[in-house]
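Subject: Structure for your review

Dear colleague,

Please find the structure below, handed over for your use. A summary of what was found in it follows.

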Amino acid sequence: MDGFLLAGSVIGVVSALLCIGAALLRQPPNDITILSVAVVELFLLVYAVAAGVRQAGGEPVLGEAWEFWGYLLTALVLPVGAFWWAILERSRWSNLVLAAAGLAVFVMLVRMEQIWDGVAGL
């Protein structure tokens with residue numbers, strides 16, 4: 001298991017739990033929920049740079065490289081879209097959209113790890 005996968009999993013799941021908790025408390029998006037998704041985005045930016053450095057340094061993507069980078073670009077867009085949703089629709093339900101972004105990024109990180117290691121998809 002890659003350290004980035006572990007860190008990203010923790011960050012994505014904690015963000016999702018914070019956002020679900022705020023939704024259960026019937027609160028609109030607040031600094032905590034929005035910043036938790038910002039941390040997810042920051043992690044993904046660091047992950048993208050590290051993946052680029054790893055690949056440029058000669059460590060190959062054993063699966064399809066275009067698929068890995070496609071997943072990564074999509075994962076980078078999800079928190080941004082969830083953020084805009086939360087800003088424009090300031091209801092407690094927006095917290096669930098923010099939570100979905102954290103969980104989706106977690107799933108996408110698992111798949112990106114599989115692609116990097118050359119594990120066949122399910």
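Glutamate 67 counts as partly exposed, because its relative accessibility is 21%. Please note that this is a predicted model.

**Salt bridges**

The structure contains three salt bridges. In one of them, the side chain of glutamate 67 meets that of arginine 111, with an N to O distance of 3.3 Å. This pair links distant parts of the chain, since glutamate 67 lies in helix 3 and arginine 111 in helix 4, 44 residues apart. Arginine 111, at 16% relative accessibility, counts as buried, because buried means under 20% relative accessible area.

Asp2, Arg54 and Glu59 are joined into one network by salt bridges that share partners. Arginine 54 meets aspartate 2 at 3.4 Å, N to O, and meets glutamate 59 at 2.9 Å, N to O. Arginine 54 is partly exposed, with a relative accessibility of 22%, and glutamate 59 is likewise partly exposed, at 36%. Aspartate 2, by contrast, counts as buried, at 17%. As a general point, side chains of opposite charge can pair when their charged atoms come close.

**Nonpolar cores**

The largest nonpolar core comprises 18 residues, and those with the most contacts inside it are Leu44, Tyr47, Phe68, Leu72, Leu109 and Met112. At least two residues of this core come from each of helix 2 (31–56), helix 3 and helix 4. A second, separate core has nine residues, including Ala16, Ala86, Leu98 and Ala99.

Leucine 72 may serve as an example from the largest core. This residue is placed in helix 3 (residues 65–88) and is buried, with a relative accessible area of 1%. Apart from residues up to four places away in sequence, leucine 72 touches Leu44, Tyr47, Ala48 and Met112. In soluble globular proteins, nonpolar side chains tend to be buried together.

**Nonpolar surface patch**

Some nonpolar residues are found at the surface: Val13, Leu17, Ile20, Leu24, Trp93, Leu96 and Leu103 make a nonpolar patch of about 660 Å². Helix 1 (3–24) and helix 4 (92–117) each supply at least two of the patch residues, and helix 1 gives the most, with four. Leucine 103, found in helix 4, is partly exposed, with a relative accessible area of 40%.

With kind regards

Notes:
Residues are numbered from 1 along each chain as its sequence is written. This is a predicted model: local features need pLDDT of at least 70, side-chain atom pairs count only at pLDDT 80 or more; totals for chains, interfaces and linings use all residues. Side-chain values use heavy atoms; hydrogens and water are left out. Buried means under 20% relative accessible area, exposed over 50%, partly exposed in between (1.4 Å probe, protein chains only). Contact means heavy atoms within 4.5 Å. Patches are made of residues with over 30% relative accessible area and no salt bridge: like charges are joined within 9 Å, nonpolar side chains (Val, Leu, Ile, Met, Phe, Trp, Tyr) within 5 Å. Accessible areas come from the Shrake-Rupley method with a 1.4 Å probe; for residues, only the protein chains shown count as cover. A salt bridge is a side-chain nitrogen of Lys or Arg within 4 Å of a carboxyl oxygen of Asp or Glu. A nonpolar core is a set of buried Ala, Val, Leu, Ile, Met, Phe, Trp, Tyr and Cys residues joined through side-chain atoms within 4.5 Å.
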